[in-house]
Amino acid sequence: VAATVVPRAPLRKPRDQAAVVVRKIAELLRSAADRLGDGDVDRALAMLRDARSTDALIAELRAASEEGLSIVSSSPFRRRHGEHQRRLAELVEPLDVALRNTRVVVRRVAVACYRREPVPASYASLMRDLAVLSERVARELVADRMATVVVDDLIALGRATARVEHSDDLSAEVILAQVRSIIADLLALCGMDPLEATDAIPLR
């Protein structure tokens with residue numbers, strides 16, 4: 001019997017690690033917004049190195065998710081948690097995509113700083129707003145809730161991306177496109193169908 005009694009900690013780990021990933025997204029977005037403001041190339045390159053090291057966060061999330069699923073399938077005392085653990089496992093892919101899109105933002109911001117390419121100030125504002133909403137999503141995850149309370153604000157921010165000025169510079173256009181993609185990724189993370197999430201963000 002003792003072998004089938006497992007601690008709760010491994011069952012909490014997937015959602016806690018998911019929150020770590022979302023907070024990293026928020027941190028990188030804030031840093032990218034700051035670099036658009038000050039144009040500091042050295043700090044932009046340091047930010048880029050930091051972003052490139054984030055694959056480990058997703059690897060830890062996958063491992064935690066697999067461990068949680070394994071526990072609930074092997075322990076009769078934890079099988080009632082099975083559906084919850086499966087829902088948490090479904091967060092891995094949208095989080096992976098969101099983090100990849102964030103790395104693209106960081107890379108293009110670093111390029112823009114290095115090449116002194118102009119990027120509309122409103123893009124930095126969008127990134128800061130998205131960082132705030134990302135932090136809210138992370139808090140919901142830690143509280144073991146789907147972040148449905150953030151959906152309306154994410155949709156509103158997605159709509160705002162269609163009203164900002166646009167640029168002919170490649171870096172600026174990539175940054176805006178990826179910010180829009182991250183919003184859709186977070187909407188999917190909050191439980192919205194991915195196609196509906198994309199449709200909720202209007203074109204120009």
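User: Before we start, what counts as buried here?
Analyst: Buried means under 20% relative accessible area, with exposed being over 50% and partly exposed in between, using a 1.4 Å probe and protein chains only. This is a predicted model, in which local features need pLDDT of at least 70 and side-chain atom pairs count only at pLDDT 80 or more, while totals for chains, interfaces and linings use all residues. Residues are numbered from 1 along each chain as its sequence is written, and side-chain values use heavy atoms, with hydrogens and water left out.

User: OK, so what share of the protein is buried?
Analyst: Of the 204 residues in the protein, 52% are buried.

User: And how many helices and strands?
Analyst: The protein has nine helices and zero strands, where helices are DSSP runs of H or I with at least four residues and strands are E runs of at least two, numbered from the N terminus.

User: How do α2 and α5 pack?
Analyst: Helix α2 (residues 41-52) and helix α5 (residues 92-115) pack at about 160 degrees with axes 9 Å apart, the axes being lines fitted to C-alpha atoms over the stretch in contact and the angles running from 0 to 180 degrees between N-to-C directions. The two helices are therefore roughly antiparallel, a label for angles over 145 degrees, whereas under 35 is roughly parallel, 65 to 115 roughly perpendicular and the rest oblique.

User: Which residues make that contact?
Analyst: From α2 they are Val41, Ala44, Met47, Leu48, Ala51 and Arg52, and from α5 Arg103, Val106, Arg107, Val109, Ala110, Cys113 and Tyr114, with contact meaning heavy atoms within 4.5 Å.

User: Switching topic, how much surface is exposed?
Analyst: The protein exposes about 10,000 Å², of which carbon and sulfur atoms supply 52%, with areas from the Shrake-Rupley method and a 1.4 Å probe.

User: And what about contacts far apart in sequence?
Analyst: Among contacts between residues at least 6 apart in sequence, 80% join residues at least 24 apart.
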